[in-house]
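Me: I am new to this structure and would like a close look at a single part of it, the second largest cavity. Could you walk me through its lining and then through what lies around it?

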Amino acid sequence: MIFFLLAITIVIFLLLIEVPVGFAFGIGALVYGYTSGTNISFHAGFGYTQVSAFSLLAIPLFILSGTLMGASGISDRLLNFVNSFVGRTKGGLGAVTVITCALFGAISGSASAAIAAIGKIMVPRMIKEGYPPGHATALIAVSSVLALMIPPSIPMIVFAIAIRESVAKAFLATMGPGIMLAIIYCGLNFFFLRKTTTIQVQPKLPMPETIRQIAITGKQATLAIIMPIIVLGGIYTGIATPTEAGAVALVYTLVVGILIYRTLKFGPLFDSTVEAARLTGAIIMVLFFLFVMSRGMVLAKVPTHFADLLLSISDNRIVILLLINVLLLLMGMIIDDVSGSILAAIILLPVTQKIGLDPIHFAAIVGTNLGLGNISPPCAPLLYMAGGVTRQPLSEYIGPTMKFLVLGHLPMVFLVTFIPELSLFLPGLLD
Amino acid sequence: MTKELLHTDSLDDVVGAEAVRPVPQGTKVVAAVHGGLGPLFAAERGLALAMRVTMFVAMIALGLLMAAQVFMRYAISSPFLGIEELAPLLAVWVYFIGMAYCSRERDHIEGGMLTLVVKNPRTLMAVRLFGSVVVLIAVVIFFWFAWNFMAFNYSLGRKSTYMRLPKVLWDMSMIIGLGLMVFYGALQILAEIRGLIALKGDEK
């Protein structure tokens, strides 16, 4: 255990000085192997075998279909459609941002893609209409996490594979909390803006004109909205595995982008595919080195020792669940969601088994917590990315972000943790 | 967050024609980092193009192959088991070339708070150089492990179950990917050392 703690300390130090996450774990594995006298040379082969698993193919396929949908101009169509419902009310553009991020998540599964695609359009539009810039930036940052919670979710694919559970069930575990969080964020957005006098709202349209706008924009966005229905429908009716559903999504995207929308020319297709491969490489690199390190940890029985350590603090289920939440939050504040889900699966699974926690409920706790960690300073990649896209200083949006997190995401973490039905109801329908 | 100094969006920015940010264009630092390395970076651009083409072809082929699998299974009730071997083969090439391309673009997933805490450019560059050296050592060691893994599989003459393709085709992806990461890691260190020396000279 002492060698493991030394390795983890080095990993944390390397993460803090901005060494890429994957390399930090690779170095941690080497340190652990060297100090403990464990031969880890064969672990590279183990990591390779794990990342070449057939089930992980869903990751590149969903990333590529999401990237290509973005390149096809889908975000504009989705925004216009949602905007036709609530865009002409005070705070309406904020709600449009939240809902479009959720819909975009159902297509791409990428939080950073949601920030890039939605943030670049919506934040300037909100600021132009008088929204406080800090509020607009905070809103896109917190809403981007919805893309991680609403399926297809890359962290949930990885987590389900790591704990050997159904990917389809893990997808559904965070879907309910994700939708609830979207509603809460919309409500908070309206609440925070209630006294803001700078917002200029476009004049309301007569009801027939509103219905006409909804019909027009809805028709333009139909093919985009259908995609998650095809993908999730395919998975949950048992017609396709998540990997096959990813392939269907890709072919659907190619047909829509090239033949129907006619917006996906060869140049954007090439660039987007390379971008998707690069993103996939970044995720798989983290997984590769994490698998290498985890192998050493499992052989040294680190997860079991860790479970014993937590249970020695208290055997009260509520206390243990709170401790798990704190650990996941800290994890999410230091590392990315994919690494967090693997580490949570390896380190925390034994303790959850000992307190009788349903693995799918655990998946929901992990998914909700890591999302919170990714936008919580000091290491908040999604938050800083939102600031980078909107060109706002941290001091401008840190306050509004904390308000959204404390009043929105944190209560949701507790609800998911202590009301299992929230996350188990939808997966239960598959039994 | 981490792209402000030497770790910019792409290697082209770091050591190619563009400036080492935030050092102003035309300073001694830029000249010192770039000087005399033109042919190396011209060759590197060719290599990067080859990586992009490989990723594009493998990624699209992977998607179409998997879609064909769904079609064959449900439309003509005749799945082709070889696809279950070919798809991971394409995937591992996407993964490892994608990883190497991330090294080129300095775009790996990272967290940290160095840039929030350290404001002195020289200190920042020195800490990053330390990180880059540690990373390079680790990647070289993993490259060595991967080489042994491939050599072991080769010595056994392992082949895939259905297509009877040599397993080396799969393993080579890891060797080439890690090899490219070693190359880009070394190139980054070279740029960082030259940048640090030149920055010190500028301050004098």
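Reply: Helix H10 (154-162) and helix H18 (359-374) of chain A each give at least two residues to the lining of the second largest cavity. H18(A) makes the largest contribution, with three residues. Please keep in mind that this is a predicted model.

Let's go through the lining itself. The residues around the second largest cavity are A:Leu148, A:Ser153, A:Pro155, A:Met156, A:Thr174, A:Asp337, A:Gly367, A:Leu370 and A:Gly371. Sorted by character, the lining has four nonpolar residues, four polar ones and one charged one. The space inside this second largest cavity is about 60 Å³. How many cavities of 30 Å³ or more are there? The count is five. Rolling a probe the size of a water molecule over the atoms is a way to show where empty space is left.

Now follow the chain through the loops on either side of H10. A:Pro152 sits in the loop between helix H9 (146-149) and H10 of chain A. The peptide bond that leads from A:Pro151 to A:Pro152 is cis, and its omega is near 5°. On the other side, A:Arg164 belongs to the loop between H10 and helix H11 (167-192) of chain A. A:Arg164 is not a glycine, yet its phi is positive, about 55°. Both features stand out because most residues other than glycine have a negative phi, and most peptide bonds are trans.

A positive phi also turns up further along: A:Arg262, which follows H13(A), has a phi near 60°. Helix H13 (residues 242-260) of chain A lends itself to a simple check. With 19 residues at 1.5 Å a residue, helix H13 should span 27 Å, and its end C-alpha atoms are 25 Å apart, so the two values agree.

Helix H14 (residues 266-299) of chain A holds a pair worth finding on your screen. The side chains of A:Arg278 and A:Glu275 form a salt bridge, with 2.7 Å from N to O. Why is this pair about one helical turn apart? A:Arg278 and A:Glu275 are three residues apart in helix H14, and therefore about one helical turn separates them.

A:Arg278 also takes us to the partner chain. Contacts between the chains involve 58 residues of chain A and 58 residues of chain B. A:Glu18, A:Tyr48 and A:Arg278 are the residues of chain A that lose the most area to chain B, together 15% of what that side buries. Chain A and chain B bury about 5,100 Å² between them, with 82% of it on carbon and sulfur atoms. One salt bridge is counted between chain A and chain B. A:Glu18 pairs with B:Arg128 in a salt bridge whose closest N and O atoms are 3.5 Å apart. Over all chains, the count of salt bridges is six.

Notes. Residues are numbered from 1 along each chain as its sequence is written. Chains are lettered from A and ligands numbered from 1 in the order in which they are written. This is a predicted model: local features need pLDDT of at least 70, side-chain atom pairs count only at pLDDT 80 or more; totals for chains, interfaces and linings use all residues. Side-chain values use heavy atoms; hydrogens and water are left out. Helices (H or I, at least four residues) and strands (E, at least two) are DSSP runs, numbered from the N terminus. The expected span of a helix is 1.5 Å times one less than its number of residues. On a 1 Å grid over the protein atoms alone, a cavity is a set of points where a 1.4 Å probe fits but cannot get out, and a pocket is an open set with protein on both sides within 12 Å along at least five of seven lines; lining residues have an atom within 4 Å of a point. Grid points are joined across faces, edges and corners, and a volume is the space filled by probe spheres set on the points. Ala, Val, Leu, Ile, Met, Phe, Trp, Tyr, Cys and Pro count as nonpolar, Asp, Glu, Lys and Arg as charged, and the others, Gly among them, as polar. Contact means heavy atoms within 4.5 Å. Buried area is the accessible area (1.4 Å probe) that two parts lose on being put together, summed over both. A salt bridge is a side-chain nitrogen of Lys or Arg within 4 Å of a carboxyl oxygen of Asp or Glu.
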